[in-house]
Amino acid sequence: MAVHNLTTPFTDEMIHELHVGDTVYFDGTLFGIRDLTQIYMFDQNHEPPCSLAGMPAIHTAPSLKKVGDRWEKICVGTTTSTRMERFSPELIGTYGVKAIIGKGGLYNGSLQAMQQHKAVYLAIVGGSAALETLQVEEVEEVYWEHLHPEALYKFRVKGFGPLTVGMDSHGRHLFEEVKENTRRKLPDIYEKLGIVE
């Protein structure tokens, strides 16, 4: 398992080098999205007002405050990804997002899109919002402000991580592999505990 220090935008070659279990840190641009952001994009047919190509997107509804014409961070945390599965293949395939960051992983539709379009899922440890917030250097833009706290956010980050490659462009899915490994071990565990299935 390797450690990668990257800078956005991510290229196909960079993504190809990432494998399940690797650790990633990166500098540059990070877009924040959440449920309502993607409902607005995909269900209500609003094109993003900026290019997402080659960029990472994190599942977040950040706590920010507006001071004059600038937004300042209070807390930038991460939410569970699975409920946003239906948007992720198109986010990758149509808009060129190269990494989705969140908790809990995504499903096979997203994995197929990652294989086809060279993208990854990067898992973040739950409860790490304080660290994430420190790694956000600036809130550069808030698009679709009327959706806040589920607008489209453009952050500048430094040393963002550690992130674990949970799904890669080679077809591996860490979350499913852990489930399968657990299923294989359960009979022995039950037997040792004297539990009859």
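**Buried and exposed spots**

User: Which residues of helix 2 are buried?

Analyst: In helix 2 (residues 35-43), D35, T37, Q38, Y40, M41 and F42 are buried. Keep in mind that this is a predicted model.

User: What do the buried residues of helix 2 pack against?

Analyst: Four elements: strand 2 (23-33), strand 3 (56-59), helix 3 (88-93) and strand 9. Right after helix 2 comes N45, with a positive phi near 60 degrees.

User: Why is S169 called buried?

Analyst: Its relative accessible area is 6%, and buried means under 20%, so S169 is buried. S169 sits in the loop between strand 9 (152-167) and helix 6 (174-193). Leaving out residues up to four places away in sequence, S169 touches I15, H16, M114, Q115, K118, A119 and V120.

User: Why is I189 called partly exposed?

Analyst: I189 comes out at 40% relative accessibility. Buried would be under 20% and exposed over 50%, with partly exposed in between, so I189 counts as partly exposed. I189 lies in helix 6 and, with L193 and I195, makes a nonpolar surface patch of about 280 Å².

User: And the core: which residues touch the most other members of the largest nonpolar core?

Analyst: Those are F26, I101 and F160, out of 54 residues in that core. Strand 9 gives the most to this core, with 8 residues. Beyond four places away in sequence, the contacts of F160 include F26 and I101, along with V24, Y25, L30, I58, I124 and V136. F160 also touches E132 and Q135.

Note on methods:
Residues are numbered from 1 along each chain as its sequence is written. This is a predicted model: local features need pLDDT of at least 70, side-chain atom pairs count only at pLDDT 80 or more; totals for chains, interfaces and linings use all residues. Side-chain values use heavy atoms; hydrogens and water are left out. Helices (H or I, at least four residues) and strands (E, at least two) are DSSP runs, numbered from the N terminus. Buried means under 20% relative accessible area, exposed over 50%, partly exposed in between (1.4 Å probe, protein chains only). Contact means heavy atoms within 4.5 Å. A nonpolar core is a set of buried Ala, Val, Leu, Ile, Met, Phe, Trp, Tyr and Cys residues joined through side-chain atoms within 4.5 Å. Patches are made of residues with over 30% relative accessible area and no salt bridge: like charges are joined within 9 Å, nonpolar side chains (Val, Leu, Ile, Met, Phe, Trp, Tyr) within 5 Å. Accessible areas come from the Shrake-Rupley method with a 1.4 Å probe; for residues, only the protein chains shown count as cover. A salt bridge is a side-chain nitrogen of Lys or Arg within 4 Å of a carboxyl oxygen of Asp or Glu.
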